[in-house]
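Work through the exercises below with the sequence and the coordinates at hand. Each task is followed by a solution in steps.

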Amino acid sequence: MELMPKKRHAALLTIAIHLLGWGLLLVFPLLMRWQNREETVTLSWYLGYIAVPLSCMVVFYANYLLLIPRILFRKSWSRFILLNILLVIVVWYAGRLWWDFYVANLADAIPRPPKKDRDLPHLMFFARDMMSYALTVALAVAIKMTSRWQQSERQRHEAERRRSEAELANLKNQLNPHFLFNTLNNIYALVEVAPEKAQHAVHELSRLLRYVLYEDGPAMVPLEKELEFLRSYIDLMSLRTGKNVTRTIRLSADDPQASVAPLIFISLVENAFKHGVSNSQPSFIHIDISEYSDQRIICTIENSYFPKNETDKSGSGIGLDNLRKRLEL
């Protein structure tokens, strides 16, 4: 069965909440009256009761559907207040007409209010009704403002997500030329000293480029594929190293479902070969990328230190900066 879109689901949920709220308001007095067996539930009594809830409902939805989104949200405060005053007066007057008609035609069928209520000044009744309408308007404003705030928050988070995705894509686009530039420099160094190794390196580079071009699109890739890419890259870089370089490589992925961001380790491995290998002095590279049962992937890389001189242009120096930014995002 096809899932409903999120907006439609949210709209149905809102309608259900409104129906539940007004339903409880209209049904609750009936339940209370039924519990009190000394009082009978009659149609005439209920018609007299619902006059106030129905008038509050008119005030609520006039604000909720029209006045708040079309006037209040456009910063027309004075107009909003004026229209609400007119709305409340009209609804209150309509309620009085309904009550007068109701009392005039069903006076014998409805219970008279207690004496203390009959003695209250008409102004007191008016003030009580105005307070109910004011609270209804305030409730509509609160609900609509909360809904608008939630919508704004969702839009802000969506905008941030899209910005982060765009920034990640930009960082990946920077990383690919950076990786290719460093690899071609290594192959160029092999062309003169070991042409056969250079040919093999070009073949290995084609495999690496296939991964970079076709597997770098998704946000996450299987860890085993990422480690396979690193193995190929390490083999390619090892063609240039001599017997004086000690390499210890441990790449393990026990869970076939484990995933990781693509090309997240390559800058660190690149730098290990770039700054950790000497052509004449003993040097070492230790690479350990392991997956643990508590859903952690730990990458540990150690190397001897032979920094490049200022005349070496084999890289742009953006690898670690990109890695930091990707981890932050």
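**Exercise 1. A leucine with unusual backbone geometry**

Task: Decide whether Leu-263 is buried or exposed, then state where Leu-263 lies and what its phi is.

Solution. The model is a predicted one.
Step 1. The relative accessible area of Leu-263 is 5%. The cut-off for buried is under 20%, so Leu-263 is buried.
Step 2. Leu-263 belongs to the loop that connects β3 (259–260) with α9 (266–276).
Step 3. The phi of Leu-263 is positive, about 60 degrees, although the residue is not a glycine. Most residues other than glycine have a negative phi.

**Exercise 2. A second positive phi**

Task: Carry out the same analysis for Lys-75: which loop holds the residue, what is its phi, and is it buried or exposed?

Solution.
Step 1. Lys-75 sits in the loop between α3 and α4.
Step 2. Its phi is positive, at about 70 degrees, and Lys-75 is not a glycine.
Step 3. With a relative accessible area of 63%, Lys-75 passes the cut-off of over 50% and is therefore exposed.

**Exercise 3. Surroundings of Leu-72**

Task: Locate Leu-72, classify its accessibility and list which residues it touches beyond four places away in sequence.

Solution.
Step 1. Leu-72 is in the loop between α3 and α4 (77–106).
Step 2. Its relative accessibility is 5%, so Leu-72 counts as buried.
Step 3. Leaving out residues up to four places away in sequence, Leu-72 touches Leu-67, Trp-77, Phe-80 and Val-141.
Step 4. Val-141 is 69 residues from Leu-72 in sequence, and their C-alpha atoms are 8.9 Å apart.

**Exercise 4. Position of Gln-199**

Task: Which helix contains Gln-199, is the residue buried or exposed, and how far apart in space are Gln-199 and Ile-187?

Solution.
Step 1. Gln-199 is part of helix α7, residues 195–214.
Step 2. A relative accessible area of 61% makes Gln-199 exposed.
Step 3. From C-alpha to C-alpha, Gln-199 and Ile-187 are 8.6 Å apart, with 12 residues of separation in sequence.

**Exercise 5. Strand pairing around β4**

Task: State how strand β4 runs relative to β2 and to β5, and trace the partners of Ser-290.

Solution.
Step 1. Strands β2 (residues 245–252) and β4 (residues 283–292) run parallel and are joined by eight bridges.
Step 2. β4 and β5 (residues 296–303) are also joined by eight bridges, but run antiparallel.
Step 3. Ser-290 is the bridge partner in β4 of Ser-252. Ser-290 also stands opposite Ile-298 in β5.
Step 4. Further along the β4 and β5 pair, His-286 is opposite Glu-302.
Step 5. Three residues lie between the strands of the β4 and β5 hairpin, where Gln-295 has a positive phi near 65 degrees.

**Exercise 6. The largest pocket**

Task: What is the volume of the largest pocket, and which elements give two or more residues to its lining?

Solution.
Step 1. The volume of the largest pocket is about 1200 Å³.
Step 2. Its lining has 31 residues, of which Thr-14, His-18, Tyr-64, Ile-143 and Ser-147 are the closest to the centre.
Step 3. Two or more lining residues come from each of α1 (6–35), α3 (51–70) and α6 (122–193).
Step 4. α6 gives the largest share of the lining, 12 residues.

**Exercise 7. Cysteines**

Task: How many disulfides does the chain have, and how accessible are Cys-56 and Cys-299?

Solution.
Step 1. A pair of cysteine sulfur atoms within 2.5 Å is required; by this rule the count is zero disulfides.
Step 2. Cys-56 has a relative accessible area of 10% and is buried.
Step 3. Cys-299, at 25%, is partly exposed.

**Exercise 8. The whole chain**

Task: Summarise the chain by its secondary structure, burial, contacts and surface.

Solution.
Step 1. The chain has 10 helices and five strands.
Step 2. Of its 329 residues, 33% are buried.
Step 3. Among contacts with a separation of 6 or more, 75% are between residues 24 or more positions apart.
Step 4. The exposed area of the chain is about 22100 Å², and 61% of this is supplied by carbon and sulfur atoms.

Key:
Residues numbered from 1 in each chain as written. Predicted model: local features only at pLDDT ≥ 70, side-chain atom pairs only at ≥ 80, totals over all residues. Heavy atoms only, no water. Helix = DSSP H or I, 4+ residues; strand = E, 2+ residues; numbered from the N terminus. Buried < 20%, exposed > 50% of the residue type's maximum accessible area, 1.4 Å probe, protein only. Contact = heavy atoms within 4.5 Å. Areas by Shrake-Rupley, 256 points an atom, 1.4 Å probe, with all protein chains shown as cover. Pairing = 2+ DSSP bridges. 1 Å grid on protein atoms, 1.4 Å probe; cavity = no way out; pocket = protein on both sides within 12 Å on 5 of 7 lines; lining within 4 Å. Points joined across faces, edges and corners; volume = space filled by probe spheres on them.
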